[in-house]
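What follows is a briefing on one protein chain, grouped by topic and meant to be read beside the coordinates.

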Amino acid sequence: MYKQQLTNEQWKRIKHLLPGKKRDSGVTAKNDRKFVEAVLWIARTGAPWRYLPSEYGHWHRVYVRYSRGAQRGV
């Protein structure tokens, strides 16, 4: 079961920092909060990406988005 780690107040403070907007096409802005929660899960557990629970999305797609953002300095 997907469990949010960020409070609504924390999310409001950081959501504008992510690239992409809801009206952009593609997956980038599909669910930014779930993406951030997935990255936090990886950071918190230290698990390999392939062990990311499916509730956060497909591990490879989350990893690719994270990797691309890291390469751009996001």
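A residue is called buried when its relative accessible area is under 20%, exposed when that area is over 50%, and partly exposed in between. Glu37, at 0% relative accessibility, therefore counts as buried. The model is a predicted one, and the points below begin with the whole chain before turning to helix 2, its charged pairs and a nonpolar surface patch.

**The chain as a whole**

- The protein chain holds three helices and zero strands, and from the N terminus on its elements follow the order α-α-α.
- Of the 74 residues in the protein chain, 27% are buried.
- Taking the contacts between residues at least 6 apart in sequence, 45% join residues that are at least 24 apart.
- About 5600 Å² of the protein chain is exposed, and carbon and sulfur atoms supply 52% of that area.

**Helix 2 and its surroundings**

- Helix 2 covers residues 32-45; with 14 residues, it reaches 20 Å from its first C-alpha to its last, which is close to the 20 Å expected at 1.5 Å a residue.
- The buried residues of helix 2 include the charged Asp32, Arg33 and Glu37, and also Phe35, Val36, Ala38, Trp41 and Ile42.
- Among the parts that cover these buried residues of helix 2 are helix 1 (8-14) and helix 3 (59-72).
- After helix 2 comes Gly46, which has a positive phi, near 75 degrees.

**Charged pairs**

- How many salt bridges does the count come to? The count comes to two salt bridges, and both are described here in turn.
- Side chains of opposite charge can pair when their charged atoms come close.
- In one salt bridge, the side chains of Arg65 and Asp32 meet at 2.5 Å, N to O. Because Arg65 lies in helix 3 and Asp32 in helix 2, this pair ties together parts that are 33 residues apart in sequence.
- Both partners fall under the 20% limit for burial: Arg65 counts as buried because its relative accessibility is 19%, and Asp32 counts as buried because its relative accessibility is 11%.
- In the other salt bridge, the side chains of Arg33 and Glu37 meet at 3.8 Å, N to O. Arg33 and Glu37 both lie in helix 2, four residues apart, which is about one turn of the helix.
- An α-helix has 3.6 residues a turn, so residues three or four places apart point the same way.

**Arg33 and its two partners**

- Is Arg33 buried or exposed? Arg33 is at 12% relative accessibility and therefore counts as buried.
- Besides the salt bridge with Glu37, the side chain of Arg33 has a polar contact of 2.9 Å with the side chain of Asn8.
- Glu37, for its part, is at 0% relative accessibility, so this partner of Arg33 is buried as well.

**A nonpolar surface patch**

- Which residues form a nonpolar patch on the surface? The patch is formed by Trp59, Tyr63 and Tyr66, which together have about 270 Å² of accessible area.
- Tyr63, a member of this patch, has its place in helix 3.
- The relative accessibility of Tyr63 is 32%, so this residue counts as partly exposed, in keeping with limits that place anything between 20% and 50% in that class.

Key: Residues numbered from 1 in each chain as written. Predicted model: local features only at pLDDT ≥ 70, side-chain atom pairs only at ≥ 80, totals over all residues. Heavy atoms only, no water. Helix = DSSP H or I, 4+ residues; strand = E, 2+ residues; numbered from the N terminus. Buried < 20%, exposed > 50% of the residue type's maximum accessible area, 1.4 Å probe, protein only. Polar contact = N/O pair within 3.5 Å; in protein donor to acceptor, adjacent residues only side chain to side chain. Expected span 1.5 Å × (residues − 1). Contact = heavy atoms within 4.5 Å. Patch = residues over 30% accessible without salt bridge, like charges linked within 9 Å, V, L, I, M, F, W, Y side chains within 5 Å. Areas by Shrake-Rupley, 256 points an atom, 1.4 Å probe, with all protein chains shown as cover. Salt bridge = Lys/Arg side-chain N within 4 Å of Asp/Glu carboxyl O.
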